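Here is a short briefing to read beside the structure. Keep the sequence and the 3D view open as you go.

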Amino acid sequence: MSKHHGIVTPIAIEWSPKRVRLFDSGSKSHFEFASLREASSAAGNRPVTVGVSRRNVFIRTVRLPNAAIEDLRPLVQMRLGEMFPVDAADLAYDIMLMDNVTAEGRMVLIAAMPVNDLRELAASIKSSGLKVVRVLPVSLGSVYLSLGTGHETSAVVSEDLTGIGIDIIADRALMSSRVTVGTATLETEVCRTHQMIGLPCGDSIATADIRFPEARYQSSSSPLEALTTVEASNATINLRLPEVVAAERISIRRTSTLRGTMLLLATAGVWIVLLSMYKTKVAAVSKEVSKYSGTTKQLSKTKVAEENKANALAAVQTLIAPSFRPAQRISDILSAVDRNVPDGLWLNGLTLERGKEMQLRGVAKSSGPVSAFTHNLESDGRFRGIHLSFSNSSLIDKTPVQLISVGAIPIGNIPFADVSKKKK
């Protein structure tokens, strides 16, 4: 399975352990097979995108700090066990940055798949001989289907290999994905799916393979078909086995080391040339010094004076350097806060600025976890001035909770002095 994206694949295959569905964008045809081996005859040697069925993949959309994707992976890895009902060690995952960015951070889509299921899929791909360029949730195709019909927010209802798929799109992001077997009306199931993630019931798009008269919009396409479009080719999610990802990172590090060695050798060569030129210049200068000894002495005094100035400036630089390199990086502060959160308390907001008090907002089941949280922060040694800014009682779905805000100052978070105004 390739790590690359940005390739428009003419073939998309929806995979489940017992059945697969293939879409050929060339002939606009759908086919169903019992396995990937059987589907390989229809795919030939063309690039293939594999969309994992909704029952075999987990989807979660969260807001994280607006940082580079590689900087966010350790944070996601640390919280993986909290987000999904499977132990983090048993999951393979990948993330995708969304366009939705606010003051609270960037929306990030997290897709996770049980390692055993992904290992089964990888073995099937290998034995089938398919040219698979990426593996991602088939529900991601609903985002591109919805956007292609001009809707940034909608519920896409389509046929899944194991039932009827309901994918909720909000602000161009996949917020929820589930499968229903039709125990209630589709209209009821769609509304229930909205309510499960705290959204009001909204408009629906029914695909051609679904009978859903209550849907406001209809589409002749399907999420599987949308995975073969140009827009879908930019999706960065590619589910791969943990050992494959680890081997790839080792390869990247080796390549970086090799490049660094080559650069070091090239730099050494340049320095050799410069040293040779320097020696030639020194000989010429020595010749001139013997001719102008008086001038040389004066220049030597000037040199000493300038060196003293440079040393004084270096001392000043050493003094102010800590102001530009705080004792704690933001990532260190986030890690320290995260490990001190007790059971029964969830953080949903954080405000942190240079030289200002950090504000932590969250929800607790009772006052016990709140006290434990402030005690943990005080015992950690990384914070001072910990205090409970406010604690309000509230209800979430008839469950009593405490809405809290805790203030703390990260130790070593030095403010800049405002010298723009002179004192009289």
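The notes below cover sheets, helix packing, an aromatic pair and a few single residues.

This is a predicted model. Two open sheets are described: one has five strands with mixed pairing, and the other has three strands with antiparallel pairing. Helix α3 packs on the three-strand sheet and also packs with α1.

**The five-strand sheet**

- The strand order is β3-β2-β1-β4-β8, the sheet is open, and the pairing is mixed.
- The edges are β3 (29-33) and β8 (131-137). Each has a single partner strand, so one side of each is left without a neighbour in the sheet.
- On average, neighbouring strands here are turned by 20° against each other, direction ignored.
- Strand β2 covers residues 20-24 and pairs with β3 in the antiparallel sense. Five bridges make up that pairing.
- Within it, aspartate 24 stands opposite serine 29 of β3.

**The three-strand sheet**

- Here the order is β5-β7-β6, again in an open sheet, and the pairing is antiparallel.
- β5 (58-64) and β6 (91-102) are the edge strands, and each pairs on one side only.
- From one strand to the next, the twist averages 20°.
- β5 and β7 (residues 105-114) run antiparallel and are joined by seven bridges.
- Leucine 64 has arginine 106 in β7 as its bridge partner.
- Helix α3 (residues 115-128) packs on this sheet and touches both β6 and β7. The direction of α3 makes about 70° with that of β7.

**Helix α1 against helix α3**

- Two packed helices are described by the angle between their axes and the distance between the axes.
- For α1 (residues 36-43) and α3, the angle is about 45° and the axes are 9 Å apart.
- The two helices are therefore oblique to each other.
- The crossing of α1 past α3 is right-handed.
- On the α1 side, the contacts come from Leu36, Arg37 and Ser40. They meet Leu121, Ser124, Ile125, Ser127 and Ser128 in α3.

**Aromatic pairs**

- The count of aromatic pairs comes to two.
- Phenylalanine 31 and phenylalanine 33 form a tilted aromatic pair. Their ring centres are 6.4 Å apart, with 35° between the planes.
- Are these two side by side in burial, or do they fall into separate classes? Phenylalanine 31 is partly exposed, at 35% relative accessible area. Phenylalanine 33 counts as buried, at 18% relative accessibility, because buried means under 20%.

**Positive phi at two aspartates**

- Most residues other than glycine have a negative phi.
- Aspartate 171 is not a glycine, yet its phi is positive, at about 55°.
- Aspartate 171 is found in the loop between β10 (163-170) and β11 (173-180). It is partly exposed, with 48% relative accessibility.
- Aspartate 397 also has a positive phi of about 55° without being a glycine.
- Aspartate 397 sits in the loop between β16 (383-396) and β17 (399-410). It counts as exposed, because its relative accessible area is 71% and exposed means over 50%.

**Alanine 327**

- Which helices flank the loop that holds alanine 327? They are α8 (293-324) and α9 (330-339).
- Alanine 327 counts as exposed, with 64% relative accessibility.
- Leaving aside neighbours within four places in sequence, alanine 327 is in contact with Ile411 and Gly412.
- Alanine 314 is 13 residues from alanine 327 in sequence. In space, the two are 21 Å apart, C-alpha to C-alpha.

**Glutamate 307**

- Glutamate 307 lies in helix α8.
- Is glutamate 307 exposed or partly exposed? At 39% relative accessibility, it counts as partly exposed.
- Glutamate 307 and histidine 30 are 277 residues apart in sequence. Their C-alpha atoms are 78 Å apart in space.

Terms used: Residues are numbered from 1 along each chain as its sequence is written. This is a predicted model: local features need pLDDT of at least 70, side-chain atom pairs count only at pLDDT 80 or more; totals for chains, interfaces and linings use all residues. Side-chain values use heavy atoms; hydrogens and water are left out. Two strands pair if DSSP finds at least two bridges between them. Helices (H or I, at least four residues) and strands (E, at least two) are DSSP runs, numbered from the N terminus. Axes are lines fitted to C-alpha atoms, for helices over the stretch in contact, and angles run from 0 to 180 degrees between N-to-C directions. Contact means heavy atoms within 4.5 Å. Buried means under 20% relative accessible area, exposed over 50%, partly exposed in between (1.4 Å probe, protein chains only). Rings of Phe, Tyr and Trp (its six-membered ring) pair if their centres lie within 6.5 Å; planes under 30 degrees apart count as stacked, over 60 as edge-to-face and the rest as tilted. Angles under 35 degrees count as roughly parallel, over 145 as roughly antiparallel, 65 to 115 as roughly perpendicular and the rest as oblique. A crossing is left-handed if the near helix is turned anticlockwise from the far one by less than a right angle, and right-handed if clockwise.
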